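Student: Please take a close look with me at a single part of this structure, the place where two elements pack together. I would like the terms spelled out with their cut-offs as we go.

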Amino acid sequence: MKKNPVIPYALIAGIGILLVIIVSVVGLNQQEAIQDEQNGDQKQEEEQDQSGAGETAANGEEIFQNNCANCHGSDLSGGMGPGLTTVGSKYSEEEIREIIANGFPDAGMQPGIIDGKEADAVAQWLSEQK
């Protein structure tokens, strides 16, 4: 009797299909774990937003560096925008917050580049620069 040459190919195909099914099941389990982890991270962020007023003050400089330093300089010395090294001696925290909210469109600073708690944190940090 001759051996059937199709059997090795059928065996390889069967093993391949079995491996695809196993990898799919493992992938689904990992996807659920990733989603659970992301949901946990979102809950942590929400809790930090609700509890941390002190955090925003610490982040004022970081927010400035990410949003404002391109024009005002990372060391507050100015550039395209004016220098802010002594802005705290010129304006109060509320005035700085108002400037951030309304901008100086004639000078190129658009209103609302940052807002909300981020604007409050930057205004507080800048008001300390005297």
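Tutor: What follows starts with the chain as a whole, moves to the packing of one helix pair, and then visits some residues in and around it.

This is a predicted model, in which local features need pLDDT of at least 70 and side-chain atom pairs count only at pLDDT 80 or more, while totals for chains, interfaces and linings use all residues. Residues are numbered from 1 along each chain as its sequence is written, and side-chain values use heavy atoms, with hydrogens and water left out.

The chain holds six helices and zero strands, following the pattern α-α-α-α-α-α along the sequence; helices (H or I, at least four residues) and strands (E, at least two) are DSSP runs, numbered from the N terminus. Of its 130 residues, 20% count as buried, where buried means under 20% relative accessible area, exposed over 50%, and partly exposed in between, with a 1.4 Å probe and protein chains only. Among contacts (heavy atoms within 4.5 Å) between residues at least 6 apart in sequence, 53% join residues at least 24 apart.

The part to look at closely is the packing of helix α5 (residues 93-102) with helix α6 (residues 117-127), whose axes lie 8 Å apart at an angle of about 130°. Axes here are lines fitted to C-alpha atoms, for helices over the stretch in contact, and angles run from 0 to 180 degrees between N-to-C directions. The two helices are therefore oblique to each other, given that angles under 35 degrees count as roughly parallel, over 145 as roughly antiparallel, 65 to 115 as roughly perpendicular, and the rest as oblique. The crossing of α5 and α6 is right-handed, a term used if the near helix is turned clockwise from the far one by less than a right angle, with anticlockwise giving left-handed. On the α5 side the contact is made by Glu93, Ile96, Arg97 and Ile100, and on the α6 side by Ala119, Asp120, Val122, Ala123, Gln124, Leu126 and Ser127. These residues divide into six nonpolar, two polar and three charged; Ala, Val, Leu, Ile, Met, Phe, Trp, Tyr, Cys and Pro count as nonpolar, Asp, Glu, Lys and Arg as charged, and the others, Gly among them, as polar.

Helix α6 also takes part in the one aromatic pair that the structure holds. The ring centres of phenylalanine 64 and tryptophan 125 are 5.4 Å apart and the planes meet at 45°, so the pair is tilted; rings of Phe, Tyr and Trp (its six-membered ring) pair if their centres lie within 6.5 Å, and planes under 30 degrees apart count as stacked, over 60 as edge-to-face and the rest as tilted. The pair links distant parts of the chain, with phenylalanine 64 in helix α2 (residues 53-67) and tryptophan 125 in helix α6, 61 residues apart. Phenylalanine 64 is buried at a relative accessible area of 1%, and tryptophan 125 counts as buried at 11%.

Lysine 117, also in helix α6, is by contrast exposed, at 51% relative accessibility. Its C-alpha atom is 9.5 Å from that of glycine 60, although the two residues are 57 apart in sequence.

Back on helix α5, which contains alanine 101, this alanine is partly exposed with a relative accessible area of 44%. Leaving aside neighbours within four places in sequence, alanine 101 is in contact with Pro111 and Gly112, and its C-alpha atom is separated by 7.6 Å from that of isoleucine 114, 13 residues away along the chain.
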